[in-house]
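Grab a coffee and open the model in your viewer. Below are a few exercises, each with a worked solution to check yourself against.

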Amino acid sequence: MKNEKQPLLLGNREFHSRLILGTGKFSDTKTMIQAIEASGTELVTVALRRFNPDKPDDDLCTPLAELKGVQLMPNTSGAMNAAEAVRAAQLGRELSGSSFVKVEIHPNPHHLMPDPIETYAAAKELAADGFTVLPYIPADPVLAKKLEDAGCAAVMPLGAAIGSGGGLSTADMIKLIIRDSTIPVIVDAGLRAPSEAARAMEMGCDAVLVNSAVAAAANPAGMAQAFALGVETGFAARQAGLMPKSDIAVASSPLTSFLN
Amino acid sequence: MKLQVNGKEHEHTGDGTVAALVHEVGATPEHTALTVNGSVIPSAEWTQAKLNDGDQVEILTFVGGG
């Protein structure tokens with residue numbers, strides 16, 4: 001089931017899949033491509049690294065270019081501050097030929113938590129320069145609103161630490177972000193199971209970004225498909241309208257006039 | 001001329017343009033982006049952009065990332 005009537009708008013492009021896939025950690029390029037195809041995603045992240053003449057196969061440009069209808073979104077991983085992230089974004093734009101950039105600045109290798117101050121500075125500068133900016137952020141509703149005002153195309157709060165599989169540990173904060181946001185809210189990082197993706201969509205998220213959960217699965221293509229189903233299920237459930245919660249039982253069968 | 005390419009010393013024997021250096025290291029031009037002394041040089045300028053002795057060049061490409 002596709003949500004044809006409600007595409008996700010990021011910048012000036014519409015996406016019919018609400019699953020975004022990272023391309024890191026896959027055992028090999030073929031496995032990665034199979035996972036991308038199985039996920040149905042139209043948006044994948046890539047990273048910039050030094051060209052290595054001894055490992056020309058590391059280059060992802062050729063296999064990714066063969067995927068039809070898939071938008072590349074370079075990230076700024078490795079950047080320690082706003083200036084480095086801006087430079088990485090400019091290099092990424094050179095290579096991808098598009099304005100999409102995932103701003104991520106996480107200088108501490110132990111927890112990889114995004115630096116909110118440097119992230120804000122980079123995102124503001126890049127948005128003013130015409131980039132379609134999707135910043136990876138702590139689940140902070142104040143920061144999210146400021147990034148919206150700075151011209152970001154979406155905000156991407158973390159569910160848990162990168163690669164941890166900790167799930168939607170920030171759910172309450174993400175709900176606050178969703179409540180006030182007029183731009184898409186995308187959960188990025190920390191998810192492990194498709195049920196968590198479904199829950200994020202039921203909560204009101206506009207999309208979900210996963211990488212490790214798919215790349216580190218026993219069967220990455222199978223898990224990519226499962227996440228696609230999770231995202232679609234959660235979105236469809238939200239569109240259908242969840243029933244109200246009650247603290248007490250509400251009978252679903254008549255309780256009166258039995259054998260009277 | 002002596003350059004620093006991706007953090008290593010590199011003896012450039014070509015015509016001193018960025019385009020010649022990219023060719024020399026074996027990178028595929030359309031899969032490559034680079035900076036010279038920290039400034040991004042757009043690929044359209046590579047055939048004109050001259051390198052100088054001691055320049056620090058970073059040659060980058062896409063790899064997997066989340």
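Buried means under 20% relative accessible area, exposed over 50%, and partly exposed is what lies in between. Keep those cut-offs handy, and keep in mind that this is a predicted model.

**Exercise 1. Salt bridges**

Task: find the salt-bridge partners of A:E104 and A:R93, and work out how accessible each residue is.

Solution:
- Start with the total: over all chains, the structure holds six salt bridges.
- Go to A:E104. Its partner is A:K102, with the closest N and O atoms 3.7 Å apart.
- Check accessibility: A:K102 and A:E104 are both buried.
- Move to A:R93. Its side chain meets that of A:D129 in a salt bridge, 3.5 Å from N to O.
- Now place the two in the fold. A:R93 sits in helix α3 of chain A and A:D129 in the loop between α4 (116–128) and β7 (132–137), so the bridge ties together parts that are 36 residues apart in sequence.
- Apply the cut-offs. A:R93 has a relative accessible area of 30%, so it counts as partly exposed. A:D129 comes out at 39%, so it is partly exposed too.
- Hop over to chain B, where B:E11 pairs with B:K2, the closest N and O atoms being 3.5 Å apart. B:E11 is at 44%, which means partly exposed. B:K2 is also partly exposed, at 44%.
- Last, look for shared partners: A:K102, A:E104 and A:D188 are joined into one salt-bridge network.

**Exercise 2. A pair of helices**

Task: describe how helix α5 and helix α6 of chain A pack, and say what kinds of residues make the contact.

Solution:
- What do you need to describe such a pair? Two packed helices are described by the angle between their axes and the distance between the axes.
- Get those values. The axes of α5 (residues 141–149) and α6 (residues 171–180) of chain A come within 9 Å and cross at roughly 30°.
- Add the hand: α5(A) passes α6(A) in a right-handed crossing.
- List who touches. From α5(A) come A:P141, A:A144, A:K145 and A:E148, and from α6(A) come A:M173, A:L176, A:I177 and A:D180.
- Sort them by type: five are nonpolar, three are charged and none is polar.
- Notice the spacing in those lists. An α-helix has 3.6 residues a turn, so residues three or four places apart point the same way.

**Exercise 3. Nonpolar cores**

Task: which residues of the largest nonpolar core touch the most other members, and which helix gives the most to it?

Solution:
- Recall the general trend: in soluble globular proteins, nonpolar side chains tend to be buried together.
- Here the largest core has 67 residues, and A:L64, A:V133, A:I174 and A:V208 touch the most other members.
- The top contributor is helix α3 (residues 82–96) of chain A, with seven residues.
- Another core, of 16 residues, lies apart from it and includes B:V25, B:L34, B:V36 and B:I41.
- Zoom in on A:V133. Leaving out residues up to four places away in sequence, A:V133 touches A:V101, A:V103, A:A123, A:L126, A:A127, A:C152, A:A153 and A:A154.
- For chain B, check helix α1 (residues 18–25): its buried residues are B:V18, B:A20, B:L21, B:V22 and B:V25. They pack against β1 (2–5), β2 (8–11), β3 (33–36) and β5 (56–64) of chain B.

**Exercise 4. Positive phi**

Task: decide whether A:K25, A:A189 and B:G26 are buried or exposed, and give the phi of each.

Solution:
- Start from the rule: most residues other than glycine have a negative phi.
- A:K25 is not a glycine, yet has a positive phi of about 70°. You'll find A:K25 in the loop between β3 (19–22) and α1 (29–39) of chain A, and at 58% A:K25 is exposed.
- A:A189, also not a glycine, has a positive phi of about 90°. It lies in the loop between β9 (186–188) and α7 (194–203) of chain A. At 11%, A:A189 is buried.
- B:G26 follows α1(B) and has a positive phi near 85°. With 51% relative accessibility, B:G26 counts as exposed.

Notes
Residues numbered from 1 in each chain as written. Chains lettered and ligands numbered in written order. Predicted model: local features only at pLDDT ≥ 70, side-chain atom pairs only at ≥ 80, totals over all residues. Heavy atoms only, no water. Axes fitted to C-alpha atoms, helices over the stretch in contact; angles between N-to-C directions. Helix = DSSP H or I, 4+ residues; strand = E, 2+ residues; numbered from the N terminus. Left-handed = near helix turned anticlockwise from the far one by under 90°. Contact = heavy atoms within 4.5 Å. Nonpolar A, V, L, I, M, F, W, Y, C, P; charged D, E, K, R; others polar. Core = buried A, V, L, I, M, F, W, Y, C linked by side-chain atoms within 4.5 Å. Buried < 20%, exposed > 50% of the residue type's maximum accessible area, 1.4 Å probe, protein only. Salt bridge = Lys/Arg side-chain N within 4 Å of Asp/Glu carboxyl O.
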